[in-house]
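Me: I am a first-year student learning to read protein models, and I would like a close look at one part of this one. Please take your time and then set that part in its wider surroundings.

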Amino acid sequence: MTEELDGLRELIRDFLAKEVVPNTDKFIEQHHVDRDLWNKAGELGLLCMSIPEEYGGGGGTFAHEAVLIEEQARVADTSWGVSLHNTIVAHYLLAYGTEEQKQKWLPRMASGEVVGAIAMTEPGTGSDLQNVKTKAIRDNDEYVVNGSKTFITNGAQADLIIVVVKTAVHEAASGISLVLVEADRPGFRRGRVLDKIGQKGQDTSELFFDDVRIPTTNLLGDTEGQGFIQLMQQLPQERLIIAVGSVAGMESAVAQTIAYTKSRHAFGKPIFSFQNTKFKLAEAATETTIARVFLDDCITKHLRGELDIPTVAMAKWWTTERAMGVADQCLQLHGGYGYMTEYPIARMWADNRVQLIYAGTNEIMKEIIARTL
């Protein structure tokens, strides 16, 4: 941490306290955040903080984004898909977009005018991205996109979607490309916002592409067939994002549970005074501390460009597993109140479960790790 990052944390904490926390129930009920939340965040410089200033961003690093992810986790907010917008979609554009694409889209993403999404998963294809069925067939100076995607974060509000497609239908990895699809293109339509176990305020949606015509200049990158390589290069940062949220969530869960067990009484004394409570919290605090040390080392390596794929796979797998375990123990120590959604620990428990699944399941993470053994 630096003085600059400390100041940013205070700004973010105030913003979340004013604009997100009071609206949590509202976001959950309507299954999306208010659209003007993006604009308000853009005005404060909280969007695209790690994108260079020449493209409208904050000129910062992943450390700036990590502060926002941590503060979101501390208030148990999973409705606002800002980490995907900031550190995934914007960075695909920064890394692979043409100069024209970067100038066109990144400043508008930084202001909140444009909300970004990335569409990988399909109804019949999860982690096996080489076998996506969505196609982008070239027709002179256009691509014609057909297919469907599901489980798309920011899907209901996105103005720009990076879509994983096959430009060479009969090829595997070498047939994958990424294309930019604007949400106002004829033939593009959104399906329902999906009803999930947790993260109910997030507009996770189905997307459909029916003969959507886009110019060939909407190809992300210089040549077709580079999409799988692009995905493999960017997925590690996505997995680190999940680790950041997991560890901050663990810290918040432990702090909340310590406070609760010290204030809640049973048999004439605080729940905290029982040996089982103290031992369970000691275990949770220890696992959380170990996770924080590992995470901070990963962030430091990432900032130096030294974080390798197997290590970030370890971080994603280990922190999400530990976060789920800690949330479960903390919920148990809340007793019956832990099962009530009015208590943050209940939402945290439900929201955490998907972290073992998305950005590559934890079983896939173990496969990645095992290849290096």
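How does arginine 189 count by its relative accessibility: buried, partly exposed or exposed?

Reply: Before anything else, please keep in mind that this is a predicted model. Arginine 189 counts as partly exposed, because its relative accessibility is 44%, and a residue is called exposed over 50% and buried under 20%. Arginine 189 forms a salt bridge with aspartate 210, and the closest N and O atoms of the two are 2.9 Å apart. Because arginine 189 lies in strand β6 (residues 188-193) and aspartate 210 in strand β7 (residues 205-215), the pair ties together parts that are 21 residues apart in sequence. The partner, aspartate 210, also counts as partly exposed, with a relative accessibility of 35%.

To see the surroundings of this pair, it helps to turn to the domains. The domain assignment divides the protein chain into domain 1 (3-114), domain 2 (118-223) and domain 3 (228-371), and the strands β6 (residues 188-193) and β7 (residues 205-215) can be looked up within the bounds of domain 2 (118-223). The C-alpha centres of domain 2 and domain 3 lie 31 Å apart, and 13 residues of domain 2 are in contact with twelve residues of domain 3. Between domain 2 and domain 3 an area of about 1,000 Å² is buried, and carbon and sulfur atoms give 66% of that area. Across this interface the rule finds zero salt bridges, while the count of residue pairs in polar contact between domain 2 and domain 3 is two.

Domain 2 also holds a point of interest in its backbone. Asparagine 154 is found in the loop between β3 (142-152) and β4 (160-166), and asparagine 154 has a positive phi of about 70° although it is not a glycine. This deserves a second look because most residues other than glycine have a negative phi. Asparagine 154 is buried, with a relative accessible area of 2%. Another such residue is alanine 76, whose phi is near 60°, again a positive value in a residue other than glycine. Alanine 76 is found in the loop between α4 (62-74) and α5 (82-96), and with a relative accessibility of 10% alanine 76 counts as buried.

Returning to salt bridges, a search of the whole structure finds 24 of them, so it is useful to set the pair we began with beside some others, since a salt bridge here is a side-chain nitrogen of Lys or Arg within 4 Å of a carboxyl oxygen of Asp or Glu. Lysine 40 forms a salt bridge with aspartate 36, with the closest N and O atoms 3.9 Å apart. Because lysine 40 and aspartate 36 are four residues apart in helix α3 (residues 36-43), about one helical turn separates them. Lysine 40 counts as partly exposed at 31% relative accessibility, and aspartate 36 is partly exposed too, with a relative accessible area of 37%.

A further salt bridge joins arginine 322 and glutamate 287, whose closest N and O atoms are 3.8 Å apart. This pair links distant parts of the chain, as arginine 322 is in helix α9 (residues 309-333) and glutamate 287 is in helix α8 (residues 275-303), 35 residues apart. Arginine 322 counts as partly exposed at 23% relative accessibility, and glutamate 287 counts as partly exposed at 30%. Some salt bridges share partners, and in this way Arg9, Arg13, Glu70, Glu71, Arg74, Glu251, Arg292 and Asp296 are joined into one network.

One member of that network, arginine 9, lies in helix α1 (residues 3-19). Arginine 9 is buried, with a relative accessible area of 12%. Leaving aside its neighbours within four places in sequence, arginine 9 is in contact with Met1, Val67, Glu70, Glu71 and Arg74.

Finally, the UniProt record, an unreviewed entry, lists residues 2-113 as "domain: Acyl-CoA dehydrogenase/oxidase N-terminal". That span is 65% helix and 0% strand, and its end C-alpha atoms lie 30 Å apart. From UniProt, also as an unreviewed entry, comes the annotation "domain: Acyl-CoA dehydrogenase/oxidase C-terminal", which covers residues 225-372. The span 225-372 is 74% helix and 3% strand, with its end C-alpha atoms 26 Å apart.

Note on methods: Residues are numbered from 1 along each chain as its sequence is written. This is a predicted model: local features need pLDDT of at least 70, side-chain atom pairs count only at pLDDT 80 or more; totals for chains, interfaces and linings use all residues. Side-chain values use heavy atoms; hydrogens and water are left out. Helices (H or I, at least four residues) and strands (E, at least two) are DSSP runs, numbered from the N terminus. Buried means under 20% relative accessible area, exposed over 50%, partly exposed in between (1.4 Å probe, protein chains only). Contact means heavy atoms within 4.5 Å. UniProt positions are given in the numbering used here, feature names are shortened, and annotations may be inferred rather than shown by experiment. Domain bounds come from an automatic or database domain assignment. Buried area is the accessible area (1.4 Å probe) that two parts lose on being put together, summed over both. A polar contact is a pair of N or O atoms within 3.5 Å; within protein, one must be able to donate a hydrogen and the other to accept it, and residues adjacent in sequence count only if both atoms are side-chain atoms.
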